[in-house]
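This briefing is meant to be read with the sequence and the coordinates side by side. It goes through the sheet, the nonpolar cores, one helix and the charged pairs in turn.

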Amino acid sequence: MKHTILVVDDEQAIREGVRDLLEDNQYQTMLAESGEACLNQLQTEAAGVIDAVLLDIWLPGIDGIEVLKSIKQMRPALPVIMLSGHGSIETAVTATKHGAYHFVEKPFSDETILLTLTNALRLN
């Protein structure tokens, strides 16, 4: 069974790069360019097929931490891996407190994303 990963980032190049990496490694993907789009997708019928979320911290509109809080209210067991190009220890701690599985700083290696995702999915 292929896992479906929702990739949420406001930068198109990052969304598409992560999508290509995941699809090359036998994952199915869904993409969202904002926190609002992410939450909308999680509220549709397709939400049941989403197995994990790769979520950027810095998003226009609703930021990643607020999106994370909403995801955890909707689907507490859904693994959410936070991505940030402006990471700080404080932000990582905040994300973890609100239920993020892990925090990955940009630029990240393909291996880091794949290993983190594999480990997160193994827990569910």
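What follows is a short account of a predicted model, grouped by topic. In this model, 5 strands form an open sheet with parallel pairing, the largest nonpolar core has 24 residues, and the count of salt bridges comes to 4.

**The sheet**

- The strands of the open sheet follow the order 2-1-3-4-5, and their pairing is parallel.
- Strand 2 and strand 5 stand at the edges with a single partner strand each, so that one side of each is left without a neighbour in the sheet.
- Averaged over the sheet and with direction ignored, neighbouring strands are turned by 20° against each other.
- Strand 1 and strand 3 pair in the parallel sense over 5 bridges, and Leu-6 stands opposite Val-53 in strand 3.

**The nonpolar cores**

- Within the largest core, of 24 residues, those with the most contacts inside it are Leu-6, Val-8, Cys-38, Val-53, Leu-55, Ile-71 and Met-82.
- The elements that give two or more residues to this core are strand 1, strand 2 (28–32), helix 2 (35–42), strand 3, helix 3 (64–74), strand 4 (80–84) and helix 4 (89–97).
- Leaving aside residues up to four places away in sequence, Ile-71 touches Cys-38, Leu-39, Leu-42, Val-53, Leu-55, Pro-76, Leu-78 and Val-80.
- Apart from this core lies another, of 16 residues, which includes Ile-81, Leu-83, Val-104 and Ala-120.
- As a general background to such groupings, nonpolar side chains tend to be buried together in soluble globular proteins.

**Helix 4**

- Thr-91, Ala-92 and Ala-95 are buried in helix 4, and because they cover an arc of only 100° around the axis, they lie on the same side of helix 4.
- The cover over the buried residues of helix 4 includes helix 3, strand 4 and strand 5.
- On the face of helix 4 turned away from its buried side are the exposed residues Ile-89, Glu-90 and Lys-97.
- Gly-99, which has a positive phi near 105°, follows helix 4.

**The salt bridges**

- The side chains of Lys-106 and Asp-9 meet in a salt bridge with an N to O distance of 2.7 Å; Lys-106 lies in the loop between strand 5 (102–105) and helix 5 (110–123) and Asp-9 in the loop between strand 1 (4–8) and helix 1 (12–24), so the pair ties together parts that are 97 residues apart in sequence.
- Both Lys-106 and Asp-9 are buried.
- Asp-56 also forms a salt bridge with Lys-106, with the closest N and O atoms 3.2 Å apart; since Asp-56 lies in strand 3 (residues 50–56) and Lys-106 in the loop between strand 5 and helix 5, this pair ties together parts that are 50 residues apart in sequence.
- Both Asp-56 and Lys-106 are buried, and salt bridges that share partners join Asp-9, Asp-56 and Lys-106 into one network.
- Another salt bridge links Asp-20 and Arg-19, whose closest N and O atoms are 3.2 Å apart; Asp-20 is partly exposed, with a relative accessible area of 40%, and Arg-19 is partly exposed, with a relative accessible area of 25%.

Technical notes. Residues are numbered from 1 along each chain as its sequence is written. This is a predicted model: local features need pLDDT of at least 70, side-chain atom pairs count only at pLDDT 80 or more; totals for chains, interfaces and linings use all residues. Side-chain values use heavy atoms; hydrogens and water are left out. Helices (H or I, at least four residues) and strands (E, at least two) are DSSP runs, numbered from the N terminus. Buried means under 20% relative accessible area, exposed over 50%, partly exposed in between (1.4 Å probe, protein chains only). A nonpolar core is a set of buried Ala, Val, Leu, Ile, Met, Phe, Trp, Tyr and Cys residues joined through side-chain atoms within 4.5 Å. Contact means heavy atoms within 4.5 Å. Two strands pair if DSSP finds at least two bridges between them. Axes are lines fitted to C-alpha atoms, for helices over the stretch in contact, and angles run from 0 to 180 degrees between N-to-C directions. The arc is that of the directions from the helix axis to the C-beta atoms.
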